Amino acid sequence: MNASLPAPILLGIESSCDDTAAAVVAGGVLRSNVVSSQRVHAGFGGVVPELASRAHQRLIVPVVTAALDEAGVERADLDAVAVTYGPGLAGSLLVGLSFAKAFALALDRPLVGVNHLEGHIYSVFIEAAGGTPVAKPSFPYLCLVVSGGHTELILVEAGFRHTLLGRTRDDAAGEAFDKVAKLLGLGYPGGPAIDRLAATGDPSFHPFPRTRLDGFDFSFSGIKTAVLYYLNRFPETERARLLEKHLPDLCAAFQQAVVDMLIDPLRRAVQATGVRHVAVVGGVSANTGLRAAAGALSREAGFTLYTPDPAYCMDNAAMIAVTAHFKLAAGHTSPLTLTAEPALALR
Ligand code: KG4
Ligand code: ZN
């Protein structure tokens, strides 16, 4: 037994897409965070669901074991088992959820089901043991969730009370990064590669169109098609020369267009709600261009900006365990009949 760690001690499990992850949180503070990103998808330019579920099956036991070991926690020390139950890929969710249910049942501990989007929303509250203290937003705060599967603008009114202000009508911002990276011959996931190349490119190289919708909704299918049409203008040899010479410029021009299309609704939502705290979370929140633009907007509009440590932007179980800590404190546990909900929305 580990008597030295503060209660409650929670194990968090995340397997909604292509990252198999487990983390331990004690007294609300992160003790371990293990993520195994699957490499099987790199050659496909996107996640292959069947391969993802098989990889989760292989990785879930070693990843959970590593998270417990790193935290110095025995199974019997756990007070609850938390797990993502949606949204995500059905087969991927099922692996983590089935494992978590079996673990909770065997240990006779409560199960805490966590909505993956809530995990991202509360990722700005993750505080690691021995790390520097983290400034946390107070309610109400605006949260821009930007990931491979989601682009949502949410008003977080209080703990687990949210209003969805806007969402993408088609592709997620991260999906646009990944698809354009594929067009440009970069690997998967494409966001980090585009971000790196864009750093040395000229964003004014080409004026890709910006889609602007009423309200706070987003759309990223147009920019993806615009990049495709732009490349198709050139015969094959010329295109190869263009990419050789101007790949960083194309990345910078594309990235700037995506950043503008994220920042514009955010600016209008800040004006409309008058909130003083804004969080930008999810895989794409690691993007240096987006971070810089959100920082500039925070100075211009006078709000405080919160972004997770880059380690907690991409999918991870630390955010699931921390969210579960808050849920448990509010008395929310889940029955062992909890089912995977691939299309789970915020509620
Ligand atoms: O949050 P996440 O790990 O998974 C989902 O919930 O979808 O986000 C993954 C997405 C991928 O589309 C990846 O290309 C994108 O985040 N991403 C980035 C960056 N790092 C990751 N996009 C732009 N710039 C980055 N630095
Ligand atoms: Zn995610």
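Select Phe-160 to begin, and you will find yourself in the loop between β7 (151-158) and β8 (161-167). What stands out in its backbone is the sign of phi, which is positive at about 60 degrees even though Phe-160 is not a glycine. Most residues other than glycine have a negative phi, and most peptide bonds are trans. Keep in mind throughout the tour that the model is predicted.

Now move to Asp-108, in the loop between α2 and β5 (111-115). Here too the residue is not a glycine and phi is positive, with a value near 55 degrees. Is Asp-108 buried or exposed? Its relative accessible area is 66%, and because a value over 50% counts as exposed, Asp-108 is exposed.

The next two stops are peptide bonds rather than single residues. Select Gly-86 together with Pro-87 and look along the bond that joins them, which is cis, with an omega of about -10 degrees. Pro-87 itself sits in the loop between β4 (80-86) and α2 (90-107). Then go back towards the beginning of the chain and select Ala-7 and Pro-8, where the connecting peptide bond is also cis and omega is about -5 degrees. Pro-8 belongs to the segment before β1 (9-14).

Turn next to His-277, which lies in strand β9 (residues 277-281). With a relative accessible area of 18%, His-277 is buried, because the cut-off for that class is under 20%. Which residues does His-277 touch, if those up to four places away in sequence are not counted? Show Pro-137, Ser-138, Pro-140, Tyr-141 and Leu-142, and then add Phe-303, Thr-304 and Tyr-306 to complete the set. If you display the C-alpha atoms of His-277 and Pro-140, you can see two positions that are 137 residues apart along the chain and yet separated by 7.3 Å in the model. For Tyr-306, display the side chain as well, since a polar contact of 2.8 Å joins it to the side chain of His-277.

Another histidine to select is His-206, in the loop between α5 (190-198) and α6 (221-232). His-206 is buried, with a relative accessible area of 15%. Leaving out residues up to four places away in sequence, His-206 touches Tyr-230, Arg-233 and Ala-253, so these three are worth showing together with it.

For the last part of the tour, zoom out and colour the chain by domain, with residues 9-126 and 312-329 as domain 1 and residues 141-307 as domain 2. The centres of the two domains, taken over C-alpha atoms, are 27 Å apart. Where they meet, 21 residues of domain 1 are in contact with 23 residues of domain 2. The area buried between domain 1 and domain 2 is about 1,700 Å², and carbon and sulfur atoms give 73% of it. The count of salt bridges between domain 1 and domain 2 is 0, whereas 4 residue pairs are in polar contact across this interface.

Finally, select α3 (116-121) and α9 (318-329), each of which supplies at least two residues of the side of domain 1 that touches domain 2. Which element gives the largest share of that side? The answer is α3, with 4 residues. Colouring this side of domain 1 by residue class will show 12 nonpolar, 6 polar and 3 charged residues.

Terms used: Residues numbered from 1 in each chain as written. Chains lettered and ligands numbered in written order. Predicted model: local features only at pLDDT ≥ 70, side-chain atom pairs only at ≥ 80, totals over all residues. Heavy atoms only, no water. Buried < 20%, exposed > 50% of the residue type's maximum accessible area, 1.4 Å probe, protein only. Contact = heavy atoms within 4.5 Å. Domains from an automatic or database assignment. Buried area = accessible area lost by both parts, 1.4 Å probe. Salt bridge = Lys/Arg side-chain N within 4 Å of Asp/Glu carboxyl O. Polar contact = N/O pair within 3.5 Å; in protein donor to acceptor, adjacent residues only side chain to side chain. Nonpolar A, V, L, I, M, F, W, Y, C, P; charged D, E, K, R; others polar.
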